[in-house]
Amino acid sequence: MLVKNAKIIMGTEEVLVDILIENGRFVKFGKDFVENSQKEVLDANFHYILPGIIDAHTHMRTPGFTQKEDNISGSKAAIRGGVTTFFDMPNTNPATVTLEALEEKRNIYKGNSYSDYAFYFGGTRFDNHEEVEKAIDETVATKIFLNVSTGDMLVEEDAILENIFKASKRVAVHAEEEMVSKAIQLARKTKKPLYLCHISLEKELEYIREAKEMDVEVYGEVTPHHLFLSEEDRESTEESKLFLRTKPELKTKQDNEALWKALQYGILDTVGTDHAPHLLEEKKAKLTFGMPSVEHSLEMMWKGVKEGKLSIPRLQEVMSENPAKIFGLKKKGKIAVGYDADFVIIDDGDHSEIRQEEIISKAAWSPYVGQKRGCKVLTTVLRGNIVYHEGKFGKKIGKEILKHE
């Protein structure tokens, strides 16, 4: 493939280049390449090209909850949003807490995803550290719930927590408030990398700042909804009191601003969506936590760029480069020679309204409906293959990125 007229960020400089792609990887950047009739030509039309987004936090609901979402619909929504790789959480049914359950999920996904993907393994209150240890080379991390979860995945006993930490390559946690500090203490004691999911409070940032100063290997994630939405939005209408409910809950506008600053200046390291789709009828019927958002994460985060809250180089770091580094994906996350040719073309002049009828997710709604997007995703390319272009989808070529690597 030859990509022409691409506007990319190299370091801190904006450059206009043509890009040569061979065997699914970037091989050369320059101008005036000789066009070969055997190569596909994609004209970026002087739009920005960004590295494919890596979403390290999704719940695609397969298996067990596929009325809400499944690997096909969820990965299609991801590709529509410029997400070329996502990591799926283990709290499905059955939960991904045994090698048997992991293999079952793997078989369902094979050949049935638009995006590349990887899986988390889950820790349980019954101390499954031996299973965790066996799965470390085929999963991105062990997910532990310290505050709330379904089934048997809330782990509260210190001895079991320590066993699971020790057995893991790296640990991702759902931890809120003081539990953030507890998770950091465990990471420091066991010397395991720690990934803190969906940080939402200003005071939680202090725990992370202090840990980084002590050279604890700790990384903080923030969701778009904890940046753009607040408890004021949640309380604004009777519907929003039901729809805009997440774990962690939305916080104050002061927390929003503190999170933006922490993201720009390196206290927080990644943006993950916590894509947690539920049908509207489920949200209306009873209090149900979680919202779909993988489809609009980049388009919303670009609003932060437009508003001066995040630079373009920093956006590329937190949405692509850092997730790849943290989770050991050596050939993803950058537009650079030798890397997988995963990228997204955006129109940063399109600030059209996000509409209900355009949504791809099976959940069929978004907390951002009615808002102006910061940019619009035009084209998504995975390993040199066009999988989304101006409303049309290509083939399901997504693969499990850790298997057999």
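**Loops, sheets and a helix pair**

Pro248 is found in the loop between helix H9 (238-243) and helix H10 (253-265), where helices (H or I, at least four residues) and strands (E, at least two) are DSSP runs numbered from the N terminus. The peptide bond that leads from Lys247 into Pro248 is cis, with omega near 0 degrees. The model is a predicted one, in which local features need pLDDT of at least 70 and side-chain atom pairs count only at pLDDT 80 or more, while totals for chains, interfaces and linings use all residues. Residues are numbered from 1 along each chain as its sequence is written, and side-chain values use heavy atoms, with hydrogens and water left out.

A second cis peptide bond is found between Thr62 and Pro63, with omega at about -5 degrees, and Pro63 has its place in the loop between S6 and helix H1 (71-80). Arg61 lies in the loop between S6 and H1 as well, and its phi is near 70 degrees, a positive value in a residue other than glycine. As background to these backbone features, most residues other than glycine have a negative phi, and most peptide bonds are trans.

Arg61 also takes part in lining the largest cavity, together with His59, Met60, Phe65, Met89, Asn91 and Thr92. A cavity here is a set of points on a 1 Å grid over the protein atoms alone where a 1.4 Å probe fits but cannot get out, and its lining residues have an atom within 4 Å of a point. The lining of the largest cavity divides into 3 nonpolar, 3 polar and 1 charged residues, with Asp, Glu, Lys and Arg counted as charged, Ala, Val, Leu, Ile, Met, Phe, Trp, Tyr, Cys and Pro as nonpolar, and the others, Gly among them, as polar.

Strand S6 belongs to an open sheet of 3 strands, which are paired in parallel in the order S6-S7-S8; two strands pair if DSSP finds at least two bridges between them. Because strand S6 (53-58) and strand S8 (116-119) stand at the edges with a single partner strand each, one side of each is left without a neighbour in the sheet. Neighbouring strands of this sheet are turned against each other by 20 degrees on average, direction ignored. Strand S7 (residues 83-88) runs parallel to S8 and is joined to it by 4 bridges, and along this pairing Phe87 stands opposite Ala118 in S8.

Another open sheet contains 6 strands, with parallel pairing and the order S9-S10-S11-S12-S13-S14. Its edges are formed by strand S9 (121-122) and strand S14 (270-271), each of which has a single partner strand, so one side of each is left without a neighbour in the sheet. Inside this order, strand S10 (residues 142-145) pairs with strand S11 (residues 171-174) in the parallel sense over 4 bridges, and Ile144 has Val173 in S11 as its bridge partner.

The last feature is a helix pair: helix H4 (residues 158-167) packs against helix H5 (residues 178-190) at an angle of about 55 degrees, with their axes 10 Å apart. Axes are lines fitted to C-alpha atoms, for helices over the stretch in contact, and angles run from 0 to 180 degrees between N-to-C directions. H4 and H5 are therefore oblique to each other, given that angles under 35 degrees count as roughly parallel, over 145 as roughly antiparallel, 65 to 115 as roughly perpendicular and the rest as oblique.

Methods: On a 1 Å grid over the protein atoms alone, a cavity is a set of points where a 1.4 Å probe fits but cannot get out, and a pocket is an open set with protein on both sides within 12 Å along at least five of seven lines; lining residues have an atom within 4 Å of a point.
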